[in-house]
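Let's take a walk through this fold together, one piece at a time. Keep the viewer open as you read.

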Amino acid sequence: PGGAVVHSFTGKYLQVLPDNGDNYNEVHSYESFVWTALEFRLKVPAADTYTLFVRWAGGDTGGAGDSMYATMANADGSVVRGVPTWRDQKVGIGDTPGMFSGCCYSMTTHECPCYTEYAPIAEAACTADGGYWQTTADAVGFGATCVAGEGKMEQLAPEWYEFAGQEYGNVMDFTSEPWDATCEA
């Protein structure tokens, strides 16, 4: 869409089109994904732990197009889970009445970080940052989740990894943000 991607290490790259427009806000398992994709068959010499290195560019000006998902499956299609890891425990925004005043929806990232501050103060901060204030009642309707707080963590063995977070959307240049280490499992 934005033309050729420039500055790849080798001058070559793979491009996946079209962006199917899905936002994957409700990813519960590997089966949640239906997408335009590249698939590679790998011959793994032995059961072991391997590392995937990725570098990508692109996106769109509406957000969400800067995400890249990686998952692995056995020859029979069953998911190969990742190494167990820890992340902040998440709770539904309405699961603890009175804990969260709402969240601030970003049209660029499609995230809705939660606020515990008094609603009018939180709403003013949200709109000052260009976000769209969502009351807790509204955010419950689209399944917003919040960090539980108090250092609570949960363990998971990932079925997929999302690499995301370009600072600017629709950047078709590998040198613009050469190494993005953000990953959500």
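A residue counts as buried here when its relative accessible area is under 20%, and as exposed when that figure is over 50%. Trp133 comes in at 14% relative accessibility, so it counts as buried. Keep in mind that what you're looking at is a predicted model.

Let's begin with the sheet. It's an open one of 3 strands, in the order E5-E4-E6, with antiparallel pairing. E5 and E6 stand at the edges with a single partner strand each, so each has one side without a neighbour in the sheet. E4 and E5 pair in the antiparallel sense over 2 bridges. If you want a spot to zoom in on, go to Cys103, whose bridge partner in E5 is Cys114. Packed on this sheet is helix H1, residues 119-128, which touches E4, E5 and E6. The direction of H1 makes about 150° with that of E6.

Now for the aromatic rings. How many aromatic pairs does a search of the whole structure find? The search turns up 2. One is made by Tyr105 and Phe142: the ring centres are 6.4 Å apart and the planes sit at 75°, so this pair is edge-to-face. Tyr105 belongs to strand E4 (residues 102-105) while Phe142 is in the loop between H2 and E7, so the pair ties together parts that are 37 residues apart in sequence. Is each of these two residues buried or exposed, or something in between? Tyr105 counts as buried, at 18% relative accessibility, whereas Phe142 is partly exposed, with a relative accessible area of 37%.

Tyr115 and Trp133 also form an edge-to-face pair, with 5.6 Å centre to centre and 70° between the planes. This pair links distant parts of the chain, with Tyr115 in strand E5 (residues 114-115) and Trp133 in strand E6 (residues 132-135), 18 residues apart. Tyr115 is buried at 17% relative accessibility, and Trp133 is buried too, at 14%.

That brings us to the cores. In soluble globular proteins, nonpolar side chains tend to be buried together. In this model, the largest nonpolar core has 10 residues, including Val91, Ile93, Phe100, Tyr105 and Ala148. A second, separate core has 5 residues, among them Tyr115, Ala122, Cys126 and Trp133. Back in the largest core, Ala148 touches Gln89, Lys90, Val91 and Met99, leaving out residues up to four places away in sequence.

Next, swing over to helix H2, where you'll find Thr136. At 18% relative accessibility, Thr136 counts as buried. Which backbone atom does the side chain of Thr136 reach? It's the backbone oxygen of Phe100, at 2.8 Å. Setting aside neighbours within four places in sequence, Thr136 is in contact with Ile93, Gly94, Phe100, Ser101 and Gly102. Ala137 is in H2 as well, a helix covering residues 136-141, but Ala137 counts as exposed, at 61% relative accessibility. From C-alpha to C-alpha, Ala137 and Ser101 are 9.4 Å apart in space, though they're 36 residues apart in sequence.

One last stop: the loop between strand E7 (145-147) and strand E8 (153-156), where Glu150 lies. Its phi is near 55°, a positive value in a residue other than glycine. Glu150 is exposed, with a relative accessible area of 74%.

Terms used
Residues numbered from 1 in each chain as written. Predicted model: local features only at pLDDT ≥ 70, side-chain atom pairs only at ≥ 80, totals over all residues. Heavy atoms only, no water. Helix = DSSP H or I, 4+ residues; strand = E, 2+ residues; numbered from the N terminus. Buried < 20%, exposed > 50% of the residue type's maximum accessible area, 1.4 Å probe, protein only. Core = buried A, V, L, I, M, F, W, Y, C linked by side-chain atoms within 4.5 Å. Contact = heavy atoms within 4.5 Å. Polar contact = N/O pair within 3.5 Å; in protein donor to acceptor, adjacent residues only side chain to side chain. Phe/Tyr/Trp six-rings, centres within 6.5 Å; stacked < 30°, edge-to-face > 60°. Pairing = 2+ DSSP bridges. Axes fitted to C-alpha atoms, helices over the stretch in contact; angles between N-to-C directions.
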